[in-house]
Amino acid sequence: MSLLISNVARRGGHRRPRALLLRPPSSHPLIANCRDIIDDRNDSDDNGMAKHHLSQHHRNISVASRPRREECPHQSSSSRRYHSQSWHHAGLLASTTPTATSTTNNNLSLSTRQYHNTPKREILPLLAVGFLGASAVYTYRTFQQMDQDWEEYYDELEEYKAVTGIDPEEQDANNNSNNNNATTASNAAGAASEENLSNFFTGGTLAIDMGTTRLKLSHRNKKSQFNNNNNANNGKQKPPSPLVSVDREGFRSTPSLVWMPPPSSSSSSGMGEEMLIGRLAEARLYDTKGGSVVHPREALLLLGNNSTNNSGGGDSMNNPTEAAIQQTIRAVACNALDQVLGGNSGGGGSSSKNNPLFVLDESMSMLGSYNVRPIFTYPPPQNGQSDGSSTNDAYLEGYQQAVSGLTSPAGIAAFVPEPVAVVSGAEYYNLLPRKNTSLGTSVLVIDVGGASTSVSMVGGDAEVMHSTSLPFGGDTFIDLLVSHLVEGFYGRNKDDDTSNGAKTTNLSSKPNLNDPTALQRLYEASTTAIHELSNKTRSEINIPYLTMDLETRQPKHLEVGMARTVVNTEVESFVREKLVPHLENTNSHATSPLSQALPSPTNLSTLFSSTIMSSLEQTSQTPHMLRAILLVGGGARIPLVREAIKEGVGYLAGEAYASGSGGESTKRLIMPEGEMGEELGVLGAAVWGSGGR
């Protein structure tokens, strides 16, 4: 038996040292079972019965008679594995013919080989066929969607060309003709309503009001973005109200100024000074540091005056003016639109100077552009001149040329006269009396700006019938206050020219001082004082270390209290002694802003009454034929201006007409309070660009 076990161990591949091949005890149950198998085989003559007993006892040995680990705790893991394998092989070798167990193992091995070979013959080809089928379906659907997108694109392109009269594909082929683009824009305004064109811009409209001293913006979102559940009747949706844009510093307007560095600063070194815009340029308005300050609106007005005297043609727009306008609008508009639309989500953020700022193609928003339609305001033709030689027609042409590089295509920008925008805003906010048969349809707009005051008659069809202007505005108060401070502080006459000792004879109310740093500080303090005097009767002006006393070598400080009555007296004196004589001597009877039926003005109120009467005479109307007289502008917030307008209108049409003493129904003089009067023009331009409702 020990020999049998040793042979089984060697045949099974488990070669162990002979010291481990111990003879098991005779009382071991496995030995007893093996003896019973051998005895049954010898006693039986039937070979089949022996095989049956051997198979039966082999199963008993494999399941029941094999020693368990719990029964042999003294054996190690290698010893138990050795005995288990040895007894198993002993049972197999006891049979001289194949048994059912070996047949089962062979079948199991065959099935295993078939299972592992199946992916190579069947699964991989099926996966390949499935992948090709899915790719074919996806490709078919992709081409189908592309065909649908192309059809929608051409449908929208035809609709756009039908509404605007502009073919973007032809403009791309002829993008070098800027003048033709400006003419196309004018024709597009007559071919379709502003509301239909504005529907192509998901970012809404942006109104830009570039005044003589301040630049204001107003944004109005597209109507489809809001009120989706409101005003469902008749399919009409009212857009949200326009909002005045506030910059990052919290200001509602920006100084319309550009400081240009001196040419030597950029040529002498590779890193020259850059152009300054807005408040940074305002800080160098008088202390220019060798550069120059450009007023974009005044530069355009000067261009219009020169173009009327220049018949040689050619490009009259000089590069500094065009660059100043573009950079001012780009900087202020990017600041405002980033606040409203949120940077790169709505465009902008990384806008380059070479990229257009306002685009019709929404996909260009990723390049820093905005899918917003710009609406620009401009002053109407002055003195009723509406022919091609008008100064303001040249202003409009120069303005269109200057901003053409900010839009793509050039025809998407719209231009509206400032008085028309004011009336549109007053209609939207219900500031005007209701239309009825007893009232007229014309509105007289008095816009008191920074450097000038315009008086315009707007007809019922939203057209400017007549317009004139006065060289008087809110900045006149600041200039006269600075002149008063210079006279009191330096002890010289405010009209003295310290450079050559000659007295000034022009209309300018600006003081003459050869200390630019002191003059800059005086203007900043005077501007703050005028704003304070609009709300109270007295203001304190403190400017430490304004100058140096040459005799004592000690600094001199300016500390003075300024009353409103002092400033009003200076203004009235300027109007009586300088402004009225200038208007009477430099204008003919046909172009004079003063009425020939009234006596010569002696103060500010009679100046306004004479100007209003002149506008009525030019349009063959009377005050009671008007729907209303509307007072707007930043200078209209000054108390002296408001009182002068009310007194002048009352002199022409009666106290009830001006103040409503006979009831609100009799009041025709409309003077909006607070910021509304100053911002009504830019708000109305946004309303006008959206269809006027």
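Student: What does the protein expose, and what do carbon and sulfur atoms supply?

Tutor: About 36800 Å² is exposed, and carbon and sulfur atoms supply 50% of that. Keep in mind that this is a predicted model.

Student: How much of the protein is buried?

Tutor: Buried residues come to 41% of the 693 residues. As for secondary structure, there are 21 helices and 18 strands. On the contact side, take pairs at least 6 apart in sequence: 64% of those contacts join residues at least 24 apart.

Student: Let's try one residue. What makes Ser218 count as buried or exposed?

Tutor: The cut-off for buried is under 20% relative accessible area. Ser218 sits at 0%, so it counts as buried. You'll find Ser218 in strand S2 (residues 214–220).

Student: Which residues is Ser218 in contact with, leaving aside neighbours within four places in sequence?

Tutor: Thr205, Leu206 and Ala207, then Pro242, Leu243, Val244 and Ser245, and finally Val682, Leu683 and Ala686. With Leu243 there is also a specific atom pair: the Ser218 side chain reaches the backbone oxygen of Leu243 at 3.3 Å. The limit for a polar contact is 3.5 Å between N or O atoms, so 3.3 Å is inside that distance.

Student: On to charges. Why is the meeting of Glu679 and Arg252 called a salt bridge?

Tutor: The rule wants a side-chain nitrogen of Lys or Arg within 4 Å of a carboxyl oxygen of Asp or Glu. Here N to O is 2.7 Å, so the pair qualifies. Side chains of opposite charge can pair when their charged atoms come close.

Student: Which parts of the chain do Glu679 and Arg252 tie together?

Tutor: Glu679 belongs to helix H21 (residues 675–689), while Arg252 is in the loop between strand S3 (243–244) and strand S4 (254–255), so the bridge joins parts 427 residues apart in sequence. Glu679 has a relative accessible area of 6%, which makes it buried. Arg252, at 31%, is partly exposed. The two also belong to a network of salt bridges that links Arg252, Glu675 and Glu679.

Student: How many salt bridges does that rule give?

Tutor: The count is 11. Another one of them pairs the side chains of Glu427 and Arg627, N to O at 2.4 Å. Glu427 is in helix H14 (residues 418–428) and Arg627 is in the loop between helix H18 (604–619) and strand S17 (628–632), 200 residues apart.

Student: How do you know whether Arg627 is buried or exposed?

Tutor: Its relative accessible area is 4%, against a limit of under 20%, so Arg627 is buried. Its partner Glu427 lies between the two cut-offs at 31%, so Glu427 is partly exposed.

Student: What makes H14 largely enclosed by the rest of the structure?

Tutor: The evidence is that 10 of its 11 residues are buried, so H14 is largely enclosed. Among those buried residues are Glu418, Pro419, Val420 and Tyr428. After H14 comes Asn430, with a positive phi near 55°.

Student: And how do you know that Arg642 and Glu673 meet in a salt bridge?

Tutor: Their N to O distance is 3.2 Å, and the limit is 4 Å, so the pair passes. Arg642 is in helix H19 (residues 639–653) and Glu673 in the loop between strand S18 (669–670) and H21, so the bridge ties parts 31 residues apart in sequence. Glu673 is exposed at 60%, since the cut-off for that class is over 50%. Arg642 is buried at 16%.

Student: Which residues touch the most other members of the largest nonpolar core?

Tutor: Phe477, Leu522, Ile541 and Val575, in a core of 58 residues. Beyond four places in sequence, Phe477 touches residues including Phe472, Ile530, Val567 and Ile638. There's also a second, separate core of 31 residues, with Ala336, Leu396, Ala413 and Phe415 among its members.

Student: Last one: what is the strand order in the open sheet of three strands?

Tutor: The order is S6-S5-S7, paired antiparallel. Strand S6 (276–277) and strand S7 (292–294) each have a single partner strand, so one side of each lacks a neighbour in the sheet.

Student: What makes S5 and S6 count as paired?

Tutor: Pairing needs at least two bridges, and strand S5 (residues 258–260) has two with S6, so they count. Trp259 is placed opposite Leu276 in S6.

Terms used: Residues are numbered from 1 along each chain as its sequence is written. This is a predicted model: local features need pLDDT of at least 70, side-chain atom pairs count only at pLDDT 80 or more; totals for chains, interfaces and linings use all residues. Side-chain values use heavy atoms; hydrogens and water are left out. Helices (H or I, at least four residues) and strands (E, at least two) are DSSP runs, numbered from the N terminus. Buried means under 20% relative accessible area, exposed over 50%, partly exposed in between (1.4 Å probe, protein chains only). A nonpolar core is a set of buried Ala, Val, Leu, Ile, Met, Phe, Trp, Tyr and Cys residues joined through side-chain atoms within 4.5 Å. Contact means heavy atoms within 4.5 Å. Accessible areas come from the Shrake-Rupley method with a 1.4 Å probe; for residues, only the protein chains shown count as cover. A polar contact is a pair of N or O atoms within 3.5 Å; within protein, one must be able to donate a hydrogen and the other to accept it, and residues adjacent in sequence count only if both atoms are side-chain atoms.
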